[in-house]
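This report is meant for a reader who is meeting this structure for the first time. Please keep the sequence and the model in view while reading the sections that follow.

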Amino acid sequence: MQLMTLAGGEYNLNNEPLLINSDKKDEFNGKTITGNYCPSTRPDNSQYIKGGITIDNVTVDLTIKDVTIKSDGARGWNLAGIYLKGQAQLNLTLEGTNTLVGLDEGAGIEVEKGATLVITEQSTGNLKAVGGAYGAAGIGGNAGSTDSEGTNYGTGKIIIKGGTISADG
């Protein structure tokens, strides 16, 4: 994993959300993500932004290093720190100190039903994952909630092999 991380380089969030989908998978696979996404206001296109980092139906290997994703005053928006959508799989390596705080119904790391999160054994860093104010998980989802049609949201698969993790929610 370390060779992949070095080969992939770094990407700084620079206070912007990151979407990794099939169009961007090759660009970001193996990268180390750094920096912060801390919105002070809810953006006009917030209905399309589900996570500070969103993994949309792809498998990707990422390292987060000293990343902070949380609200800096934004409200009325279900934002996860990291959001795994559909059949996404994130193989996540932790370096440094990382803080992911969900907003409203967003989890610290939200893993949709059908998605998989693996925190790798190469993880040497720390993660503090905190769910939003309305019952979201630190890591997982809001498994007891349903959408407007009554479909249970559920939670995907979570595998933790390394790192120091605190999850509240």
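## Strand S10 and its partners

Gln 89 has Thr 116 as its bridge partner in S10. The model in which this pairing is seen is a predicted one, and the pairing itself belongs to a longer match, since strand S7, which covers residues 89–95, and S10 are joined in the parallel sense over 4 bridges. S10 also pairs with strand S13, made of residues 157–160, again in the parallel sense and over 4 bridges. Within that second pairing, Val 118 is the residue that stands opposite Ile 159 in S13.

Are the faces of strand S10 covered or not? Both of them are covered in this strand of residues 116–119, with Thr 116 and Val 118 buried on one side, and Leu 117 and Ile 119 buried on the other.

## The protein as a whole

The protein has 169 residues, of which 49% count as buried, and its secondary structure consists of 2 helices and 14 strands. Among the contacts with a separation of 6 or more, 79% are made by residues that lie 24 or more positions apart. The accessible surface comes to about 8,100 Å², and carbon and sulfur atoms account for 43% of that surface.

## Strands S8, S11 and S14

Strand S11, residues 126–130, is joined on the one hand to strand S8, residues 97–101, by 5 bridges, with the two strands running parallel. On the other hand, S11 is joined by 5 bridges to strand S14, residues 164–168, and this pair runs parallel as well.

Leu 127 can be used to follow both pairings, for Asn 98 stands opposite Leu 127 in S11, while the bridge partner of Leu 127 in S14 is Ile 165.

## An open sheet of five strands

In what order do the 5 strands of the open sheet follow one another? The order is S2-S4-S6-S9-S12, and the pairing is parallel. The edges of this sheet are formed by S2 and by strand S12, residues 139–140, each of which pairs on one side only. At the S2 edge, S2 and S4 are paired in the parallel sense over 3 bridges, and Leu 19 has Thr 54 as its bridge partner in S4.

## Ile 109, a buried residue of S9

Ile 109 lies in strand S9, which spans residues 109–111. Its relative accessibility is 0%, and therefore Ile 109 counts as buried. When neighbours within four places in sequence are set aside, the residues in contact with Ile 109 are Ile 82, Leu 84, Leu 92, Leu 100, Leu 117, Leu 127, Gly 138, Ile 139 and Gly 140. Two of the names in this list have appeared above, namely Leu 117, which is buried on one side of S10, and Leu 127, which is bridged to Ile 165 in S14.

A further residue, Ile 53, is separated from Ile 109 by 56 residues in sequence, yet the distance between their C-alpha atoms is 9.4 Å.

## The second largest pocket

The second largest pocket holds about 210 Å³ of space. Its lining is made up of Pro 17, Leu 18, Leu 19, Tyr 48, Ile 49, Lys 50, Gly 51, Thr 54, Asp 56, Tyr 83, Lys 85 and Glu 112. Two or more of the lining residues come from each of strand S2 (18–20), strand S4 (51–56) and strand S6 (80–85), and S4 gives the most, with 3 residues.

By residue type, the lining divides into 6 nonpolar, 2 polar and 4 charged residues. Leu 19 and Thr 54, both found in this lining, are also the bridge partners that were named for S2 and S4.

## Two loop residues with positive phi

Asn 57 sits in the loop between S4 and strand S5 (59–69), and its phi is near 60°, a positive value in a residue other than glycine. Asp 104 is found in the loop between S8 and S9, and here phi is near 55°, likewise a positive value in a residue that is not glycine.

Is each of these residues buried or exposed? Asn 57 counts as partly exposed because its relative accessibility is 43%, whereas Asp 104, at 15% relative accessibility, counts as buried because this value falls under 20%.

Notes. Residues are numbered from 1 along each chain as its sequence is written. This is a predicted model: local features need pLDDT of at least 70, side-chain atom pairs count only at pLDDT 80 or more; totals for chains, interfaces and linings use all residues. Side-chain values use heavy atoms; hydrogens and water are left out. Buried means under 20% relative accessible area, exposed over 50%, partly exposed in between (1.4 Å probe, protein chains only). Contact means heavy atoms within 4.5 Å. Accessible areas come from the Shrake-Rupley method with a 1.4 Å probe; for residues, only the protein chains shown count as cover. On a 1 Å grid over the protein atoms alone, a cavity is a set of points where a 1.4 Å probe fits but cannot get out, and a pocket is an open set with protein on both sides within 12 Å along at least five of seven lines; lining residues have an atom within 4 Å of a point. Grid points are joined across faces, edges and corners, and a volume is the space filled by probe spheres set on the points. Ala, Val, Leu, Ile, Met, Phe, Trp, Tyr, Cys and Pro count as nonpolar, Asp, Glu, Lys and Arg as charged, and the others, Gly among them, as polar. Two strands pair if DSSP finds at least two bridges between them.
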